[in-house]
Each structure stands twice: as structure tokens, then as C-alpha cells.
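Student: I am new to this structure and would like a close look at a single part of it. Please take me through that part slowly.

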Amino acid sequence: MVAPMVHPVLKNGVGAFIPQCRRLVFHYCERSGSSRGMIEYLKKDLIQFAKEHPHVEVIVTPRPSKHPVIRGLYLNGKDKVVCVRNMEPTDIAGKVALLKESSGNRMKVFKKPVISTTESVRGIWSPFHAAPHKI
Amino acid sequence: MLRSFTSRMVGAAQRTNSAVTASAVRLFSATSTATQATTSSTESSSTPSTTPSELSLLRNQLRYYAVAEIKSRPYLITKNDIIVLDRLKDVKLGDVIELNQIKELGSKDYAIQGAPYVSSEYYSIKATVIEQPKGKIVETFKKKRRKHFQRRYHIKPLHTLLRVSELEVKA
């Protein structure tokens, strides 16, 4: 019988912080007009970004006859793809920052202000262990 | 000002429920009721500051919580929690933020209530910026019936996630 896999409890940020974005792949087309802003971004701003973030692997690959796309790969194995057709370099830089600062988790609605896995410090209220209500 | 939660236990059933851990404070309330009276907070205390003996009571406990005020909003946090905030503009991934507006610092049996904040000599609370994601689209739909008025607003909120990396009570 094979022993069951024990998954470590990851609490990124408590001991050490590991940025979740592993790789950014930039696809562009040499000819098409929707890649104009992307090509300008690749020439002007990408090298500076890559130097500032040495933990991110940056790959630039032509993808002919397709819209320009940025694909981010994360440590949990998931990826996020953003189409940047007809965008200016400043807007593309914004999308790159968005991908860089995310984790691979899906976008979700955060309903509570604090997400916690620790049990409550003061315990759950019980009517048998509280002083009787007085009016 | 140190607040004791033992005042709730006095007069209650003495048998322990398995769901509630046996509190060492019951010993405290039985032996030294005089000390308990001074630390009970239902009346206004004549000594608002926390004495070292009161702080050592808190330090002898096992786990702590804090009510931190970040951008004028309270967050009840323990260690390893994730705080979900609106996007902080002046912060990068991996930055460590020291929280110093703490309204309440407590444990199972005792709490220090700040007036308005707890003195920062008593604690060390740090949070790391782990992520700055975009939330899911939130739709607000407004309609006034029979008045030909309806609106749909779409927001994609920007967040900053902080992980509470340290929450310690100092001696």
C-alpha cells in the first residue's frame, strides 16, 4: 500500500516571501497592426522590467498572424493569459504589473476582510460557560 | 488597561465541557479575587495604563489576537492570517509593514484595550504584502419600476493581500 501524499501547509509571507509569478511569455506578430504597441513595449520597457524582477523568467516569442498576448505562469502550475491587442505601451505595462503581482489563483470575490485558518483565540461562545444574561 | 474575561466565568457551571478547553483562569479567580476585581473592566479603571504584572498575565497565555486598524478599518487578526485590503498604492510585493494602530491586544482570558491605541511597547505585529490581485466583477443593479430607470454598474475591485507574519506580545 502506498503511503498517502502529505501536502505541506504553505503560508507564504510568514517565514520567507516567495513571489508567485514564475514566468511571463510575450507573444507578438511582426506584421499585424494590433501588435504595434506590444513591439514598442518590448523594445522600450521590457528589459528594465526583467532587470528589476530577476525571479521572473521572461520569454519573447513571435506568434505570427495572432493578436499579441502575455501569458503568466505561476508556482501553483496555473496560468493567466491577457490579450493586449491595440494597447499602448503604458497600458501593456499595467497588464504586466497585474500579472506579476497576482498568484495563480482564480479571481474571486473576497467576502471577508480576514482569511484565517487558525481557530478562534477566545473560543466559540457557549451559553453554559457564560454569565447569565442580566437586564 | 487590562481586561479580564474571567468575570464571565464566575458563577457559571464548574464542570468543563469537552468543546471548551479547561481554562487555567478558574484557578486564578478562585484564589485571588482581589486582583481580579482590579483588573475587571466593567467599571472605569482608575489606573488606565497597563502594569508589568498585568502584561505578564497576558504573556503567560498561549495564543493572541489583535484588533488592528488599517486605513481606519478594524481587522481582527491572529498570526498567519491573510488581510484583504483595498489596493495600497505605495507598497510593493514582499514589503513588510509594521502595524502600530492596535485597538485591542488579547488572548483567551485577558485583553488590553487601547485608548485609543495600545502602546507599541507591548507588541510587535508585522505583515508582508503577498499579492495584489484583481477581484471578480461585482455588478450593482438599480431599478425603479414603472419609471423607466435601470442602471448596471460593474466594478472589478483591486486588492492588496497582507499576511500577518508576526504577532508577538513583548514583556
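Student: Which residues of chain A does UniProt give for the feature "domain: Ribosomal protein/NADH dehydrogenase", and how do the helices there pack?

Tutor: This is a predicted model, in which local features need pLDDT of at least 70 and side-chain atom pairs count only at pLDDT 80 or more, while totals for chains, interfaces and linings use all residues. Residues are numbered from 1 along each chain as its sequence is written, chains are lettered from A in the order in which they are written, and side-chain values use heavy atoms, without hydrogens and water. An unreviewed UniProt entry places the feature at residues 30-103 of chain A, and such annotations may be inferred rather than shown by experiment. The span is 39% helix and 23% strand, and its end C-alpha atoms lie 30 Å apart; helices are DSSP runs (H or I, at least four residues), as are strands (E, at least two).

Helix α1 (residues 36-44) and helix α3 (residues 89-101) of chain A have axes, lines fitted to C-alpha atoms over the stretch in contact, that come within 8 Å and cross at roughly 70°. That makes α1(A) roughly perpendicular to α3(A), a term for angles of 65 to 115 degrees. Where they meet, with contact meaning heavy atoms within 4.5 Å, α1(A) brings A:Gly37, A:Met38, A:Glu40, A:Tyr41 and A:Lys44 to A:Pro89, A:Ile92, A:Ala93 and A:Val96 of α3(A).

In α3(A), the buried residues (under 20% relative accessible area, 1.4 Å probe, protein chains only) include A:Pro89, A:Ile92 and A:Val96. The buried residues of α3(A) pack against several elements, among them α1 of chain A and β8 (123-131) of chain B.

Notes
Axes fitted to C-alpha atoms, helices over the stretch in contact; angles between N-to-C directions. Parallel < 35°, antiparallel > 145°, perpendicular 65-115°, else oblique. Buried < 20%, exposed > 50% of the residue type's maximum accessible area, 1.4 Å probe, protein only.
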